[in-house]
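Could you walk me through this structure, starting with the space enclosed inside it and ending with its strands? A friendly tour in plain paragraphs would suit me well.

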Amino acid sequence: MNVVKLVSLCFGILIFGCDKDDERPRISIPDQISIEENGLYPEGVAFDAEENVFYVSSIAKGKISKVTLEGNIETFADSPNLVTTLGMEIDKANNRLLVCVTDPGFNQARSDSTTLAQLAAIAIYDLSSGNQTDFIQLTNGTPHLANDVVLDKAGNIYVSDSFSPSIHKIDTNGNVTALITDAAFQPQPMNFGLNGLTYHNDDFLIVSKYDEGKLFKIPLSNPNNFSEITITNGNIPAIDGILLTDNNTLAVSSNNLTGTAPITEALYQLITTDNWATATIEKTVQAGTNSFPTTFTMVDDVLFVQYTRIQALVAGNNPAATDFPIVRVNF
């Protein structure tokens, strides 16, 4: 079994007490949890607040791993249909884990001509048993890449497609439709388009477009009435993961997939005063060379980000990266 180094001088499973509106005891976790597994490349991360564990995906191996606060990593789910796993979402109301399954070509053991740049699916797992309860194919043909997944308050599922100009919807009956398809979301040649997704309580999505560093607001009642969110005091060259930490605050990760553009890998805090018609960059945190920050998760009221280190994989995986920290973000 691989071990997870808990990097913190003050780490302990300590009870701090409960919030007035939260009966679950608050716990202390380290500022950094370093997942050690040769060539794992975990792109997605989600924290289960009831079990106090992280779930992480894998670009190169496809499997889903479970990282405990006690310091262990173990395989939660693995099967041949998990070619590459990316974004994840915990659906606590239904005790399940939603996982984006796709094939950008990085898993040599499972990628083939029927899945490469075509596979776009959501795998659904029972959190208690680890059993795969459904595998929902979102679309057919090429090119498609299921990147991130989010739930609305009614239980509908939305999935960004980085290789097509679409966001897919799975309703509560399991029916798949296109929430929206628009030329504004078309990715540039040989690049990733739509990427991170997050849901706002006022019933709209915010989605990032990686190749252009843009953010869009998409009202679920009228998706075609979408608008670009104007960043008033700067620009973010490439936007990967996003997460609303409250209704007016957005966490954004930026990284450099090609390694050629002058992009500094960083994390941004954006603030809005007009319900995401516009936004202002409030704070910026440098992520460090070859960190490749991707998706966010909340642990109690603390923000964490997954460092994926995908540069080593894109460069041929020789040598492979072995250490993939989940890092506290201190804006």
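The lining of the largest cavity in this predicted model is made up of 9 nonpolar, 5 polar and 2 charged residues. A search of the whole structure turns up 1 cavity of 30 Å³ or more, and the largest cavity holds about 170 Å³ of space. If you would like to find this spot on your screen, look for Glu43, Phe192, Leu257, Phe292 and Ile310, which are the closest to the centre of the cavity among the 16 residues that line it.

Two of those names come up again when we turn to the pockets. The second largest pocket has a volume of about 360 Å³. Of its 15 lining residues, Phe163, Met190, Asn191, Phe192 and Leu257 lie closest to the centre. Phe192 and Leu257 are thus listed for this pocket as well as for the largest cavity. How many charged residues does the lining of the second largest pocket have? It has no charged residues; 11 nonpolar and 4 polar residues make up this lining.

Now move on to the largest pocket, which contains about 1000 Å³ of space. Here 37 residues form the lining, and the closest to the pocket centre are Glu89, Ile90, Leu243, Leu244 and Met298. Which elements give two or more residues to this lining? They are β3, β7 (84–91), β11 (146–151), β15 (194–200), β20 (242–246) and β24 (293–299). By class, the lining of the largest pocket counts 17 nonpolar, 9 polar and 11 charged residues.

Strand β3, one of the contributors to that lining, also leads us to a sheet. This open sheet consists of 4 strands in the order β3-β4-β5-β6, with antiparallel pairing. The edges are taken by β3 (45–48) and β6 (73–77); each has a single partner strand, so one side of each is left without a neighbour in the sheet. Neighbouring strands of the sheet are turned by 30° against each other on average, with direction ignored.

For a closer look at one pairing in this sheet, pick out strand β4 (residues 53–56) and strand β5 (residues 64–68). These two run antiparallel to each other and pair over 4 bridges. One residue you can trace by eye is Tyr55, whose bridge partner in β5 is Lys66.

Technical notes: Residues are numbered from 1 along each chain as its sequence is written. This is a predicted model: local features need pLDDT of at least 70, side-chain atom pairs count only at pLDDT 80 or more; totals for chains, interfaces and linings use all residues. Side-chain values use heavy atoms; hydrogens and water are left out. Two strands pair if DSSP finds at least two bridges between them. Axes are lines fitted to C-alpha atoms, for helices over the stretch in contact, and angles run from 0 to 180 degrees between N-to-C directions. On a 1 Å grid over the protein atoms alone, a cavity is a set of points where a 1.4 Å probe fits but cannot get out, and a pocket is an open set with protein on both sides within 12 Å along at least five of seven lines; lining residues have an atom within 4 Å of a point. Grid points are joined across faces, edges and corners, and a volume is the space filled by probe spheres set on the points. Ala, Val, Leu, Ile, Met, Phe, Trp, Tyr, Cys and Pro count as nonpolar, Asp, Glu, Lys and Arg as charged, and the others, Gly among them, as polar.
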